[in-house]
Amino acid sequence: MAENNLSKFAGVYVAMYSAYDEGGKVDQARVRKLARSYVNTGVKGLYVGGSSGEGILQNAEERKRVVEAVLEEVKGELTVIVHIGANSTPESVELARHAEQHGADAISAVPSIYYRLPESAVENHWQHMIDSTSLPFIIYHIPQTTGFQLSAALLGRMAEQDKVIGVKMSGESTFELQQFKEIGGPDFLVFNGPDEQFLAGRIMGADGGIGGTYGVMPELFCVLNRLYEQGRREEAQVLQVKINGIIKSLLGYPSLYGACKYLLSLRGIETGQPRLPLLPVRPSHHDSLVKLNSEIEELTAHYAGSYGEKS
């Protein structure tokens with residue numbers, strides 16, 4: 001295991017959204033503006049092209065354009081992890097090499113989806129990506145969407161490799177998260193995936209988190225992480241419950257990403273509509289989203305003032 005991986009990569013990462021123009025094409029200027037908006041929020045970095053970024057719904061050239069815009073804008077200011085998982089191994093390798101060429105800090109990937117592949121095929125798929133660059137590799141475990149359950153045996157074999165530095169644990173079990181951390185050991189990163197379980201994940205061994213709803217309330221997750229690190233568990237639990245109320249509201253719209261994109265538009269950050277089949281919000285939802293945005297801004301103002309960096 002390479003030294004200092006934990007200090008370089010541990011922390012809070014926004015799973016960055018897509019950014020399209022009015023015609024639904026990737027808009028690099030909007031990508032850059034969105035990436036720039038996170039620089040002074042306290043997050044460690046960005047996770048680009050994952051579920052929240054709609055990477056699976058974009059072709060390889062679109063994904064490259066997003067990565068290029070993000071790295072041109074914030075490379076050196078934020079740690080950038082690029083999700084390069086695709087259905088075919090050659091396309092995943094192509095995206096991995098592109099990410100390295102443009103200065104990404106690490107790459108990450110889900111297993112190939114659609115086909116129900118045996119574990120040996122998934123391992124081979126990931127190994128080609130790992131071997132194709134010099135970048136650190138982070139497994140993306142999200143069985144509820146991929147249909148693939150990462151076994152303890154496969155995780156153990158992969159964690160033995162120096163370039164495999166961690167796992168994005170988006171399964172719903174904090175017991176599984178704890179087991180993954182135990183298998184990987186103290187120098188193996190585990191990122192909490194379910195936003196509503198951030199605190200629980202940290203308590204059970206996660207070194208940080210990567211989440212989609214962080215994108216509309218990054219400061220709140222940074223404060224939550226800080227409270228945990230300071231041992232202020234009761235205050236952290238109160239904040240997690242408040243965050244979960246917001247998440248519950250967001251999940252009540254036609255698509256989480258459509259709701260989050262609309263919230264960003266209220267703040268002057270246009271990212272376009274989510275790509276179909278993901279649904280946008282309807283005009284009838286706008287008033288409630290304006291109210292929700294005000295709630296987020298009020299919470300952020302309160303916690304930023306009361307629980308800032310020096311708290």
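**Figure 1. Secondary-structure elements around the largest cavity of the predicted model.** At least two residues of the lining come from each of α3, β3 and α4 (89-101). The greatest contribution is that of α3, which provides 4 residues. The cavity encloses a volume of about 70 Å³. Its lining comprises 14 residues, and those closest to the centre are Arg 63, Lys 64, Val 67, Val 82 and His 83. By residue class, the lining of this largest cavity consists of 7 nonpolar, 5 polar and 2 charged residues.

**Figure 2. The second largest cavity and its lining residues.** A search of the whole structure yields 2 cavities of 30 Å³ or more. The second largest holds about 40 Å³ of space. Met 16, Tyr 17 and Ser 18 belong to its lining, together with Val 48, Gly 49, Gly 53, Gln 58 and Val 66. Nonpolar and polar residues number 4 each in this lining, and no charged residue is present.

**Figure 3. Strand β2 and the orientation of its residues.** Strand β2 spans residues 45-48. Gly 45 and Tyr 47 point one way from the strand, whereas Leu 46 and Val 48 point the other way. On both sides the residues are buried. Val 48 also appears in the lining of the second largest cavity.

**Figure 4. Pairing of strands β1 and β2, with the connecting helix α2.** Strand β1 (residues 12-15) runs parallel to β2, and 3 bridges join the two. Within this pairing, Tyr 13 has Gly 45 of β2 as its bridge partner. Gly 45 is buried and points to the side of β2 from which Tyr 47 also extends. Together with helix α2 (residues 28-37), the strands β1 and β2 form a right-handed β-α-β unit.

**Figure 5. Pairing of strands β2 and β3, with the crossover through helix α3.** Strand β3 (residues 79-83) pairs with β2 in the parallel sense, over 4 bridges. Tyr 47 is set opposite Ile 81 of β3. From β2 the chain passes through helix α3 (residues 60-74) to reach β3, and this β-α-β crossover is right-handed. Both α3 and β3 also supply residues to the lining of the largest cavity, at least two from each. Val 82 and His 83 are among the lining residues closest to the centre of that cavity, as are Arg 63, Lys 64 and Val 67.

Note on methods
Residues are numbered from 1 along each chain as its sequence is written. This is a predicted model: local features need pLDDT of at least 70, side-chain atom pairs count only at pLDDT 80 or more; totals for chains, interfaces and linings use all residues. Side-chain values use heavy atoms; hydrogens and water are left out. Buried means under 20% relative accessible area, exposed over 50%, partly exposed in between (1.4 Å probe, protein chains only). Two strands pair if DSSP finds at least two bridges between them. A crossover is right-handed if, with the strands pointing away from the viewer, the path from the first strand over the helix to the second runs clockwise. On a 1 Å grid over the protein atoms alone, a cavity is a set of points where a 1.4 Å probe fits but cannot get out, and a pocket is an open set with protein on both sides within 12 Å along at least five of seven lines; lining residues have an atom within 4 Å of a point. Grid points are joined across faces, edges and corners, and a volume is the space filled by probe spheres set on the points. Ala, Val, Leu, Ile, Met, Phe, Trp, Tyr, Cys and Pro count as nonpolar, Asp, Glu, Lys and Arg as charged, and the others, Gly among them, as polar.
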